[in-house]
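User: Please take a close look at the surroundings of the ligand in this model, and set out the contacts with the cut-offs that define them.

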Amino acid sequence: MSELTEIIKTRIAENGPISIGEYIHLCLGHPEHGYYINRDPFGPDGDFVTAPEISQMFGEMLALWLMQAWVDQGQPERFVLAELGPGRGTLMNDMLRTAETLPPFLAAAEVWLVETSPAMRRKQSAVLMGKNPHWANSIDELPEAPLFLVANEFFDALPMHQFRHTDAGWQERLIEVKDGKLAYTHGRPAQNPDLDEFFPMLPENLYAEVSYAGEDIAEKIGNRIAEHGGAALIIDYGEWDGAGDSLQAVQNHEPVDELHHEHGAADVTAHVNFAALARAAGAARTEGCEPQGTFLRRIGMDVRAEMLSNAAGNDEVVEEIMTAHRRLTHTEEMGTLFKVMAIVPKDAPETPGFEDDA
Ligand code: SAH
């Protein structure tokens with residue numbers, strides 16, 4: 001049994017059942033044994049591969065989108081270019097390289113990485129050497145300035161709570177210890193007008209999934225963008241609506257049981273409820289969410305893939321580019337499960353990639 005499994009069980013024995021949110025927080029963020037605290041989970045040797053690790057085209061496209069938003073908003077002279085949960089630093093690195101094509105944008109940008117894991121900070125610092133990044137533990141520490149921000153696969157790692165609707169009210173799903181093992185249970189029914197409003201008629205076998213931590217961060221992004229200007233892109237797996245049971249754990253590219261695994265050695269995540277983030281960011285305007293494949297192709301990824309292929313020089317590299325394009329955009333790969341949502345000031349011009357299909 002892993003040390004973290006012991007710690008989780010002891011906590012439950014001493015304090016009673018824990019919420020799904022507390023469980024996710026312990027699995028990922030325990031100061032000593034949490035999944036993100038010590039290891040580098042990305043890439044072929046890790047547990048999962050994220051979009052920026054698949055291809056440089058991902059960061060290039062997001063940078064073009066941010067640069068367009070910056071131009072549309074009158075090219076603010078100093079702004080915060082922030083990433084939430086930057087992983088290996090690949091996405092920020094690709095974005096900064098792309099930004100070299102628009103020197104005034106680069107000159108105005110102050111790079112901020114919001115990252116809690118010391119191991120990830122070390123990686124980021126090596127990759128972004130010479131780019132003068134600043135680190136913050138939370139969005140609260142960012143300077144008050146126009147905010148241009150990306151967050152890829154960040155919100156799925158935040159604590160999420162599950163509630164089911166019964167005749168007696170809403171019951172939170174909890175985790176207890178039963179016969180020496182972690183097991184699901186439910187809390188006492190309680191009234192919850194917010195859940196009544198946002199999850200009407202929810203059948204008892206589906207959970208309303210609510211991330212207070214995610215909503216809090218989305219609200220802060222919305223408030224900053226409403227006040228100072230800027231634009232944010234949130235990319236993650238999930239749906240507009242957050243009903244179901246999406247808690248999952250992954251180790252070595254394989255799903256493992258979300259309760260019974262080597263705690264601290266598997267990534268534990270949940271789908272993102274974009275409608276809830278959009279409501280929370282309501283001081284600003286949100287666009288989307290759109291499927292990632294649709295968004296990337298609308299903002300020009302086909303053309304970019306073709307340019308790179310023409311410059312590639314050999315068939316092997318062309319093949320790699322085509323495979324990456326497919327993985328990022330195809331419905332059976334990341335193209336549909338992953339969604340993109342933008343946050344911009346209420347009076348900002350329409351942004352590329354989100355126009356109606358009509
Ligand atoms: N965006 C990267 C990595 C996604 S994984 C990519 O696309 O490859 C999630 C990242 O968020 C990791 O870097 C993890 O250390 C960080 N993280 C997790 N919880 C966090 C929190 N509460 N605050 C800041 N960073 C967090």
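Analyst: A backbone N or O atom of glycine 87 is 3.1 Å from an oxygen atom of the ligand, where a polar contact is a pair of N or O atoms within 3.5 Å, with the added conditions within protein that one atom must be able to donate a hydrogen and the other to accept it, and that residues adjacent in sequence count only if both atoms are side-chain atoms. This is a predicted model, in which local features need pLDDT of at least 70 and side-chain atom pairs count only at pLDDT 80 or more, while totals for chains, interfaces and linings use all residues. Residues are numbered from 1 along each chain as its sequence is written, and side-chain values use heavy atoms, with hydrogens and water left out.

The side chain of glutamate 115 places an N or O atom 2.6 Å from an oxygen atom of the ligand, whereas for asparagine 152 a backbone N or O atom lies 2.7 Å from a nitrogen atom of the ligand. Taken alone, the ligand exposes 570 Å², and the protein buries 90% of that (accessible areas by the Shrake-Rupley method with a 1.4 Å probe).

Around the ligand there are 17 residues, of which Thr50, Gly85, Gly87, Glu115 and Asn152 come nearest (a residue is near if one of its heavy atoms lies within 4 Å). The shell divides into 8 nonpolar, 6 polar and 3 charged residues, with Gly counted among the polar ones and Asp, Glu, Lys and Arg as charged.
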